[in-house]
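Here are a few exercises to work through with the model open beside you. Try each task before you read the solution.

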Amino acid sequence: MNILKKCNLCPRNCLVNRYQEKGYCKQSNKIRISKATLTYFEEPCISNRKGSGTIFFSGCNMGCVFCQNNLISKNNYGQDITIKRLAEIMLELQEKGAININLVTPTPHVIGIIKALKLAKKQGLAIPIIYNTSSYENINTIKMLNGLIDVYLPDFKYFDDKYAIKYSKAYNYQEVTKEVIKEMYQQVGKCQFKKGNIQKGVIVRHLMLPGLKEDTKKIL
């Protein structure tokens with residue numbers, strides 16, 4: 001079955017036919033990106049001095065009120081590209097010296113990403129692939145990525161679901177996130193590094209929000 005005809009990639013479970021309409025993430029059946037470039041502002045083991053080959057995907061299934069990429073995540077800034085073009089972009093970033101391919105907010109585009117990764121790997125893509133996510137996705141979405149992703153970079157935004165609902169309208173966030181991160185770890189295992197650059201593993205990130213210190217303490 002084509003998942004995009006009854007989309008359930010994330011816990012929103014919109015079940016819309018993305019060939020005809022758009023769900024919560026505002027994405028169609030097309031791959032849509034806003035930017036692809038070398039970036040240097042991730043953790044040192046991800047960016048280092050040569051830079052991370054970062055691809056920013058348009059749209060987002062999380063929709064946090066404090067999002068710093070509002071233009072991309074909520075206003076859908078970007079352009080539609082083909083699977084072939086996405087594969088080409090990955091290879092171009094590798095040629096520019098990127099130490100990895102960093103897929104930012106990839107969840108709505110997982111189906112196209114999987115196809116592009118397989119194509120790019122056949123054509124010589126050999127650097128680590130990073131899946132940079134809010135963690136708010138269905139477990140089967142992560143299972144589809146098994147063997148294609150080297151490094152998972154999940155956010156753990158909230159411990160108490162009342163904050164997840166208040167700031168992101170994300171129900172069962174803690175339960176979903178824990179299950180997703182567990183699956184990620186089962187796929188790639190402990191962190192492995194080469195010359196200070198991460199090659200395999202999971203890095204869990206948490207943004208401490210103003211006034212939510214106690215919620216952060218529960219996560220830590």
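**Exercise 1. Find which residue of β5 stands opposite V104, then work out how the strands around it pair**.

Step 1: V104 sits opposite N132 in β5. Helices (H or I, at least four residues) and strands (E, at least two) are DSSP runs, numbered from the N terminus.

Step 2: Look at another pair on the same two strands. N102 stands opposite I130 in β5.

Step 3: Count the bridges. β4 and β5 run parallel and are joined by four; strands pair if DSSP finds at least two bridges between them.

Step 4: Now go to β2. Four bridges join β2 to β4, also parallel, and T54 has N102 as its bridge partner in β4.

Before going on, a word on what you're looking at. This is a predicted model, in which local features need pLDDT of at least 70 and side-chain atom pairs count only at pLDDT 80 or more, while totals for chains, interfaces and linings use all residues. Residues are numbered from 1 along each chain as its sequence is written, and side-chain values use heavy atoms, with hydrogens and water left out.

**Exercise 2. Sort the residues of β4 and β5 by the side they point to, and say whether they are buried or exposed**.

Step 1: Keep the rule in mind. In a regular strand, side chains alternate between the two faces of the sheet.

Step 2: In β4 (101-104), I101 and L103 are on one side and N102 and V104 on the other, and all of them are buried (under 20% relative accessible area; exposed is over 50%, partly exposed in between, with a 1.4 Å probe and protein chains only).

Step 3: In β5, I129, Y131 and T133 point one way, I130 and N132 the other. Five of the five residues of β5 are buried.

Step 4: For contrast, try R49, in the loop between α1 (44-47) and β2. R49 is exposed, because its relative accessible area is 79%.

**Exercise 3. Check the span of helix α4 and find what its buried residues pack against**.

Step 1: Take 1.5 Å times one less than the number of residues. The 13 residues of α4 (residues 110-122) should span 18 Å, and the end C-alpha atoms are 18 Å apart, so the two agree.

Step 2: List the buried residues: V110, I111, G112, I113, I114, A116, L117 and A120.

Step 3: Find their neighbours. These residues pack against β1, β2, α3 (83-95), β4, β5 and α5 (contact means heavy atoms within 4.5 Å).

Step 4: Step off the end of the helix. Just after α4, G124 takes a positive phi of about 115°.

**Exercise 4. Do the same for α7, then zoom in on T177**.

Step 1: α7 (residues 173-188) has 16 residues, so 22 Å is expected, and its end C-alpha atoms are indeed 22 Å apart.

Step 2: Buried residues of α7 include Y173, V176, V180 and M184. Their cover includes β5, α5 (139-144), β6 (151-154), α6 (161-168) and β8 (197-202).

Step 3: T177 lies in this helix and is buried, because its relative accessible area is 0%. Leaving out residues up to four places away in sequence, T177 touches S135, D155 and F156.

Step 4: Just after α7, G189 takes a positive phi of about 70°.

**Exercise 5. Describe the largest pocket and the largest cavity**.

Step 1: Get the terms straight. On a 1 Å grid over the protein atoms alone, a cavity is a set of points where a 1.4 Å probe fits but cannot get out, and a pocket is an open set with protein on both sides within 12 Å along at least five of seven lines; lining residues have an atom within 4 Å of a point. A volume is the space filled by probe spheres set on the points, which are joined across faces, edges and corners.

Step 2: The largest pocket has a volume of about 880 Å³. Of its 35 lining residues, Q68, N69, V104, D155 and R205 are closest to the centre.

Step 3: β1 gives the largest share of that lining, four residues.

Step 4: The largest cavity has a volume of about 130 Å³. It is lined by 15 residues, with C7, C10, C14, R18 and C25 closest to its centre.
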